[in-house]
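Biologist: Hey, could you walk me through this structure? I'm new to this, so plain words please.

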Amino acid sequence: MATQTHSLSYAGCNFLRQRLVLSTLSGRPVKIRKIRARDDNPGLRDFEASFIRLLDKITNGSRIEINQTGTTLYYQPGLLYGGPVEHDCSVLRSIGYYLEGLLCLAPFMKHPLKIVLRGVTNDQIDPSVDVLKATALPLLKQFGIDGESFELKIVRRGMPPGGGGEVFFSCPVRKVLKPIQLTDPGKIKRIRGMAYSVRVSPQMANRIVDSARSILNKFIPDIYIYTDHMKGVNSGKSPGFGLSLVAETTNGTFLSAELASNPQGQGTAVLPEDLGRNCARLLLEEIHRGGCVDSTNQSLALLLMTLGQQDVSKVLLGPISPYTIEFLRHLKSFFQIMFKIETKPCGEELKGGDKVLMTCVGIGFSNLSKTLK
């Protein structure tokens with residue numbers, strides 16, 4: 001754990017989750033001021049308060065102070081504890097918002113985390129549970145986080161605005177992480193997808209599949225898109241449909257894209273045909289950007305490289321997203337670590353967009369509460 005106890009200070013509500021997660025891992029307290037201070041409705045939003053409550057549940061001895069208006073937050077992290085937890089997420093953001101934070105923290109608990117999250121499983125803002133299951137879990141396995149108890153299961157689907165979904169996530173603990181060398185993404189060998197529909201005609205999912213295939217079939221023959229139509233209590237409280245697509249390469253890289261219909265009562269109605277075609281185009285765009293990690297999981301990969309053993313880790317990414325750029329700045333302030341960044345222009349052998357090779361030496365972070373076997 002970091003020995004310095006002086007807290008880091010930030011202003012504004014941007015990247016709140018990043019700061020809290022890195023604070024918990026590094027053991028450094030954070031103070032965040034002026035959270036939407038000039039807003040008509042100042043302070044923390046419901047979904048942010050829910051994320052802070054979740055951190056409080058999975059840690060032991062955290063100190064959280066929020067002023068009366070909710071515009072200033074002081075967070076002094078405790079030890080990651082884990083164990084069985086249940087949490088009702090805010091329906092303003094999907095469960096993916098909370099899961100992204102948990103994926104960073106789960107391997108370093110004292111007891112293996114077994115958590116039930118309730119809320120919205122698929123929305124238009126955050127990565128859905130389907131995509132995280134297909135892309136983030138294989139990424140964690142590269143770092144040596146694996147085992148029978150490593151699973152992410154959708155028990156019920158819930159669409160916004162009502163939610164009503166339920167997800168079970170369990171993750172084993174690890175003392176140290178393996179360094180990785182992911183420099184060759186390989187060629188696309190197959191595309192898998194999941195078209196889901198809840199509280200609408202099951203025919204919707206089939207229409208999505210047909211329209212997505214009309215584009216993807218021109219590029220690759222091995223395409224299989226499952227349809228998932230949940231009924232009764234498992235279908236949550238609001239109608240909706242959507243599609244998530246994942247392309248897998250010969251070297252075990254997963255690139256994803258997804259789209260969901262507009263929430264009930266908001267925006268214009270989306271035709272399943274349009275949604276399927278647009279999602280297929282998004283996947284082709286993601287394949288063009290390329291890299292060994294798709295754009296939703298860039299920051300997760302960089303964090304796990306930082307926390308790895310004191311050895312060199314390398315990963316080839318597509319163009320870095322603005323979220324990841326800010327994440328790199330935070331990694332520097334919390335862990336004093338800098339990445340070597342080399343641009344790889346798109347040449348003969350590298351198809352698609354320009355790539356970036358990220359190299360770092362891990363800080364040798366070890367899980368203090370994990371006893372040696």
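Biologist: Which residues does Ser50 touch, leaving out those up to four places away in sequence?
Modeller: Ser50 touches His87, Asp88, Cys89, Ser90 and Tyr98. Keep in mind that this is a predicted model.

Biologist: Okay. And where is Ser50, in which helix?
Modeller: Ser50 sits in helix H2.

Biologist: Is Ser50 buried or exposed?
Modeller: Ser50 has a relative accessible area of 1%, and under 20% counts as buried, so Ser50 is buried.

Biologist: Which other residues of H2 are buried?
Modeller: Besides Ser50, the buried ones in H2 are Phe47, Glu48, Phe51, Ile52, Leu54, Leu55 and Ile58.

Biologist: How do people describe two helices that pack together?
Modeller: They give the angle between the two axes and the distance between those axes.

Biologist: Cool, so what are the values for H2 and H3?
Modeller: The axes of H2, residues 46–58, and H3, residues 95–105, come within 11 Å and cross at roughly 30°. Angles under 35 degrees count as roughly parallel, so H2 and H3 are roughly parallel to each other. H2 passes H3 in a right-handed crossing.

Biologist: Which residues make that contact?
Modeller: From H2 you have Phe47, Glu48, Ser50, Phe51, Leu54, Leu55 and Ile58, and from H3 there are Tyr97, Tyr98, Gly101, Leu102 and Leu105. By class, the residues of this contact are 9 nonpolar, 2 polar and 1 charged.

Biologist: What about H1 and H2, at what angle do they pack?
Modeller: H1, residues 16–26, packs against H2 at about 10°, and their axes are 11 Å apart. That angle makes H1 roughly parallel to H2. H1 brings Leu16, Arg17, Leu20, Val21 and Thr24 to the contact, while H2 brings Glu48, Phe51, Ile52 and Leu55. The contact of H1 with H2 has 6 nonpolar, 1 polar and 2 charged residues.

Biologist: How far apart are the end C-alpha atoms of H2?
Modeller: They are 19 Å apart. With 13 residues at 1.5 Å a residue, H2 should span 18 Å, so the two values agree.

Biologist: New topic. Where is Ala212, in which helix?
Modeller: Ala212 is in helix H5, residues 203–216. Ala212 is buried, with a relative accessible area of 0%.

Biologist: And what does Ala212 touch, again not counting residues up to four places away in sequence?
Modeller: Ala212 touches Ile225, Leu243, Gly276, Arg277 and Ala280. Take Arg277: Ala212 and Arg277 are 65 residues apart along the chain, yet their C-alpha atoms are separated by 4.9 Å.

Methods: Residues are numbered from 1 along each chain as its sequence is written. This is a predicted model: local features need pLDDT of at least 70, side-chain atom pairs count only at pLDDT 80 or more; totals for chains, interfaces and linings use all residues. Side-chain values use heavy atoms; hydrogens and water are left out. Axes are lines fitted to C-alpha atoms, for helices over the stretch in contact, and angles run from 0 to 180 degrees between N-to-C directions. Helices (H or I, at least four residues) and strands (E, at least two) are DSSP runs, numbered from the N terminus. Angles under 35 degrees count as roughly parallel, over 145 as roughly antiparallel, 65 to 115 as roughly perpendicular and the rest as oblique. A crossing is left-handed if the near helix is turned anticlockwise from the far one by less than a right angle, and right-handed if clockwise. Contact means heavy atoms within 4.5 Å. Ala, Val, Leu, Ile, Met, Phe, Trp, Tyr, Cys and Pro count as nonpolar, Asp, Glu, Lys and Arg as charged, and the others, Gly among them, as polar. Buried means under 20% relative accessible area, exposed over 50%, partly exposed in between (1.4 Å probe, protein chains only). The expected span of a helix is 1.5 Å times one less than its number of residues.
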